[in-house]
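Biologist: Could you walk me through this chain before I set anything up with it? I'd like to go feature by feature and ask as we go.

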Amino acid sequence: TTKPERLIEYEVMPYLDYRSDNDDVINVINESECVNKCSTTETCNGVTFDKVNKTCTLKNKLENPFLNQNTNFYFKNYKTINKNKTLKSIIYFFYN
């Protein structure tokens, strides 16, 4: 028998992005393909999908958040990450 893969959950944050020097940018067809790329990349902690340019940026560090009207950011395993007080503060700052 094959072992089922662990469920990976995401939370989308419209207009959010992160600047970092370790991004992997790939061309994709849609947001679903972008999220799937992150799911199959162990070091990926989230992805930014650029709705205008149709690019997907895999993020392994979540540093330097900023607002970008062209993007949606997907937090990988959001329920686990959300326990982090710093991340909660960032989310509150941007969305309240």
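**Helix 1 and its surroundings**

Modeller: Let me begin at the N-terminal end of helix 1, which is capped by Asn30, with a side-chain oxygen of that residue lying 3.2 Å from the backbone nitrogen of Ser32. Please keep in mind throughout that this is a predicted model.

Biologist: Fine. Which residues of helix 1 are buried?

Modeller: The buried residues of helix 1 are Cys34, Val35 and Cys38. Viewed down the helix axis they fall within an arc of 95°, so they line one face of helix 1.

Biologist: Why would residues spaced like that point the same way?

Modeller: An α-helix has 3.6 residues a turn, so residues three or four places apart point the same way.

Biologist: And what do the buried residues of helix 1 pack against?

Modeller: They pack against strand 1 (10-18), strand 3 (46-50), strand 4 and strand 5 (65-76).

Biologist: What about Lys37, is it buried or partly exposed?

Modeller: Lys37, which also lies in helix 1, is partly exposed, because its relative accessible area is 36%, which falls between the 20% and 50% limits. Leaving aside neighbours within four places in sequence, Lys37 is in contact with Ile26 and Leu58. The C-alpha atoms of Lys37 and Thr57 are separated by 9.6 Å, with their positions 20 residues apart along the chain.

Biologist: Switching to the cysteines: how many disulfides are there?

Modeller: A search of the whole structure finds 2 disulfides. Counting the bonded cysteines along the chain, they follow the pattern 1-4, 2-3.

Biologist: Which residue does Cys34 pair with?

Modeller: Cys34 is joined to Cys56, with an S to S distance of 2.1 Å. The pair links distant parts of the chain, given that Cys34 sits in helix 1 (residues 31-39) and Cys56 in strand 4 (residues 55-59), 22 residues apart. The link of Cys34 and Cys56 is right-handed, with 80° about the S-S bond.

Biologist: Why do you count Cys34 as buried?

Modeller: Cys34 has a relative accessible area of 0%, and therefore falls under the 20% limit for a buried residue. Its partner Cys56 is likewise buried, with a relative accessible area of 0%.

Biologist: And what is the handedness of the link of Cys38 and Cys44?

Modeller: That link is left-handed, with -105° about the S-S bond. The S to S distance between Cys38 and Cys44 is 2.1 Å, and both of these cysteines are buried.

Biologist: Let's go to the interior. Which residues make up the largest nonpolar core?

Modeller: The largest nonpolar core has 10 residues in all, namely Val28, Cys34, Val35, Cys38, Cys44, Val47, Phe49, Cys56, Leu58 and Tyr74. Helix 1, strand 3 and strand 4 are the elements that give two or more residues to this core, and the largest share, 3 residues, comes from helix 1.

Biologist: What does Cys34 touch in there?

Modeller: Not counting residues up to four places away in sequence, Cys34 touches Val28, Val47, Thr48, Phe49, Cys56 and Leu58. There is also a second, separate core of 5 residues, which includes Met13, Leu16, Tyr18 and Phe73.

Biologist: Now Asp17, an acidic side chain I'd want to look at with care. Is Asp17 buried or exposed?

Modeller: Asp17, which lies in strand 1, is buried, because its relative accessible area is 9% and the limit is 20%. A polar contact of 3.4 Å joins the side chains of Asp17 and Lys59. Beyond residues up to four places away in sequence, Asp17 touches Thr48, Lys59, Asn64, Pro65, Phe66, Asn68 and Thr71.

Biologist: And Phe75, where is that?

Modeller: Phe75 is in strand 5, and it counts as buried at 0% relative accessibility. Phe75 and Glu11 are 64 residues apart in sequence, yet their C-alpha atoms are 5.3 Å apart in space.

Biologist: Last topic, the whole chain. What pattern does it follow along the sequence?

Modeller: The pattern is β-β-α-β-β-β-α-α, which comes to 3 helices and 5 strands. Of the 96 residues in the chain, 33% are buried, and the chain exposes about 6,500 Å², of which carbon and sulfur atoms supply 49%. Among contacts between residues at least 6 apart in sequence, 68% join residues at least 24 apart.

Key:
Residues are numbered from 1 along each chain as its sequence is written. This is a predicted model: local features need pLDDT of at least 70, side-chain atom pairs count only at pLDDT 80 or more; totals for chains, interfaces and linings use all residues. Side-chain values use heavy atoms; hydrogens and water are left out. A disulfide is a pair of cysteine sulfur atoms within 2.5 Å. Helices (H or I, at least four residues) and strands (E, at least two) are DSSP runs, numbered from the N terminus. Buried means under 20% relative accessible area, exposed over 50%, partly exposed in between (1.4 Å probe, protein chains only). The arc is that of the directions from the helix axis to the C-beta atoms. Contact means heavy atoms within 4.5 Å. A polar contact is a pair of N or O atoms within 3.5 Å; within protein, one must be able to donate a hydrogen and the other to accept it, and residues adjacent in sequence count only if both atoms are side-chain atoms. A nonpolar core is a set of buried Ala, Val, Leu, Ile, Met, Phe, Trp, Tyr and Cys residues joined through side-chain atoms within 4.5 Å. Accessible areas come from the Shrake-Rupley method with a 1.4 Å probe; for residues, only the protein chains shown count as cover.
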